[in-house]
Amino acid sequence: MDKRRVVVTGYGALSCVGNDVPTFWDSLVNGRCGIGQITRFDTSAYRTHIAGEVKNFDPSEFISIKEARRMDLFTQYAVAAAGEALKSAGLGANSGEKRADGERCGCMVSSGVGGLATISKESQVLIERGPDRVSPFLIPMMISDMAAGSVAMNFDLRGPNLGLVTACATGCHSIGEAFWTIKHDDADIMLAGGAEASIVPLGLAGFCALKALSTRNDDPLHASRPFDLNRDGFVMSEGAGVLVLEELGHAVRRGANILAEVVGYGATADAYHITSPAPDGNGCARAISMAMRHAGIVPEQLDYINAHGTSTSLNDKYETLAIKAALGDAVSKVSVSSTKGTTGHGLGAAGGLECIACIKAIETGIVPPTINYETPDPECDLDVTPNVARKRDITYAMNCNLGFGGHNGTMLFKKFEA
């Protein structure tokens with residue numbers, strides 16, 4: 001197991017700031033925010049009217065119209081991002097095409113919330129028209145694991161197939177568990193990440209009821225402001241982020257372009273509260289330390305952290321404590337940023353998208369900025385790369401994600417060296 005190295009050979013992104021990885025990354029680097037007024041339904045009765053909607057998405061570019069009708073939007077997003085990831089890895093079999101090595105190829109792409117749009121729609125059908133009119137596709141469309149199932153069916157991935165659900169840490173944990181699957185020699189290739197499509201009336205109402213969302217409705221481009229003193233809540237967004245993870249020898253034998261190496265993964269629980277992170281940041285700190293232990297590095301070697309950084313009062317404060325506790329005196333040398341200022345919070349998709357940001361940071365030597373950072377918060381005293389991207393040689397980059405229920409996930413990537 002220790003001899004099996006895992007590398008990233010492909011990625012696919014769908015987001016409110018771009019429907020492919022190049023556009024997504026260009027938006028992050030240039031701080032081009034994708035948040036705006038919600039266009040899909042009337043929000044006048046809600047406290048929050050803004051979100052990060054995916055734009056100009058056409059599922060028929062990836063799947064048949066018949067298939068699309070039998071998939072919730074989050075699953076459509078997952079299949080689209082997986083297709084881009086496979087193509088970028090040089091593994092781009094067409095949808096429905098058999099793979100000779102399909103039994104050694106698996107998938108862990110999931111959603112934190114699942115088919116909320118389908119649940120909402122069919123609940124109305126039940127109330128207004130009765131149980132006999134509910135769609136026979138309700139159950140397969142709503143369940144979160146259908147992202148992994150549909151990706152596997154579309155691209156003939158017959159290896160390990162799981163849909164992990166850990167709220168906003170879903171994408172991160174899916175990538176981490178896929179990493180271990182390859183390390184344990186249960187697959188040579190794994191597609192992993194997260195997808196989400198919860199910008200629907202019920203989803204918005206639920207988060208509004210929690211009073212977790214920003215109400216900066218008149219200024220959506222500046223509503224998501226991680227680590228800023230005047231942050232007032234997160235902004236919902238959607239999309240998908242999928243990586244192709246591959247055993248190094250397998251990647252080398254087929255001449256793959258290696259983007260980065262996966263060297264560490266941390267997964268812990270706060271066991272504290274259903275929505276709030278632990279006030280001392282201990283759970284997240286242990287996840288950071290766990291990933292570094294797997295990689296065999298010390299805090300001084302870590303160059304960049306893509307923080308969870310949700311723009312909520314408690315998350316940003318407690319995550320700061322966690323990073324400082326895990327890194328000690330070395331925290332002053334680490335570049336930190338939250339790309340959620342640009343993208344909003346993709347919930348279960350966040351980990352996949354933000355791991356892509358870490359890999360692109362390694363590839364390009366650019367730390368993407370935390371935009372909308374205007375007033376420093378003394379309780380968030382990290383180097384958050386305010387407003388403008390920064391050039392820096394990056395060998396080790398880490399993604400942090402925290403989920404309701406006290407789930408903590410970290411992924412650690414390294415610049416590839418043969």
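**Exercise 1. Which residue forms a salt bridge with Arg225, and how many Å apart are the closest N and O atoms?**

Before the solution, a word on the model: it is predicted, so local features need pLDDT of at least 70 and side-chain atom pairs count only at pLDDT 80 or more, while totals for chains, interfaces and linings use all residues. Residues are numbered from 1 along each chain as its sequence is written, and side-chain values use heavy atoms, with hydrogens and water left out.

Step 1. Apply the criterion, which asks for a side-chain nitrogen of Lys or Arg within 4 Å of a carboxyl oxygen of Asp or Glu. Arg225 meets it with Asp228, the closest N and O atoms being 3.4 Å apart.

Step 2. Assess the surroundings, where buried means under 20% relative accessible area, exposed over 50%, and partly exposed in between, with a 1.4 Å probe and protein chains only. Arg225 is buried at 2%, and Asp228 is buried at 0%.

Step 3. Set beside this the pair of Arg32 and Asp26, whose closest N and O atoms are 2.5 Å apart. Here Arg32 is partly exposed, with a relative accessible area of 39%, and Asp26 is partly exposed as well, with 36%.

**Exercise 2. Work out which parts of the chain are tied together by the salt bridge of Arg392 and Asp303.**

Step 1. Confirm the pair: the side chains of Arg392 and Asp303 meet at 3.5 Å, N to O.

Step 2. Locate both residues, using helices (H or I, at least four residues) and strands (E, at least two) as DSSP runs numbered from the N terminus. Arg392 lies in the loop between β11 (390-391) and β12, and Asp303 lies in the loop between α10 (282-295) and β8, so the pair ties together parts that are 89 residues apart in sequence.

Step 3. Add the accessibility: Arg392 is partly exposed at 23%, whereas Asp303 is buried at 12%.

Step 4. Widen the search to the whole structure, which holds 22 salt bridges. Arg4, Arg104, Asp185 and Asp188 are joined into one network by salt bridges that share partners.

**Exercise 3. Trace the open sheet from edge to edge and place helix α13 against its strands.**

Step 1. Read the order of the 9 strands, where two strands pair if DSSP finds at least two bridges between them. The order is β4-β5-β6-β1-β7-β13-β12-β8-β9, and the pairing is mixed.

Step 2. Find the edges: β4 (105-110) and β9 (335-337) each have a single partner strand, so one side of each is left without a neighbour in the sheet. From one strand to the next, the twist averages 25°.

Step 3. Examine the pairing at β9, which runs parallel to β8 (residues 304-306) and is joined to β8 by 3 bridges. Within this pairing, Ile305 has Val336 of β9 as its bridge partner.

Step 4. Place α13 (residues 350-364), which lies across β1, β5, β6, β7, β8, β12 and β13. For its direction, axes are lines fitted to C-alpha atoms, for helices over the stretch in contact, and angles run from 0 to 180 degrees between N-to-C directions; on this basis α13 runs at about 165° to β12.

**Exercise 4. Describe the largest nonpolar core and the surroundings of Val262 and Met236.**

Step 1. Define the core as a set of buried Ala, Val, Leu, Ile, Met, Phe, Trp, Tyr and Cys residues joined through side-chain atoms within 4.5 Å. The largest has 43 residues, and those with the most contacts inside it include Val8, Leu245, Val262 and Phe413. Helix α13 gives the most to this core, with 8 residues.

Step 2. List the partners of Val262, where contact means heavy atoms within 4.5 Å. Not counting residues up to four places away in sequence, Val262 touches, among others, Val6, Phe179, Leu245 and Met411.

Step 3. Note that another core lies apart from the largest one, with 33 residues, among them Phe74, Ala89, Val109 and Phe155.

Step 4. Turn to Met236, in the loop between α8 (201-209) and β6, which is buried at 1% relative accessibility. Its contacts beyond four places in sequence include Ala51, Ile199, Phe207 and His345.

Step 5. Finish with the whole chain, in which buried residues make up 62% of the 418 residues.

Technical notes. Contact means heavy atoms within 4.5 Å.
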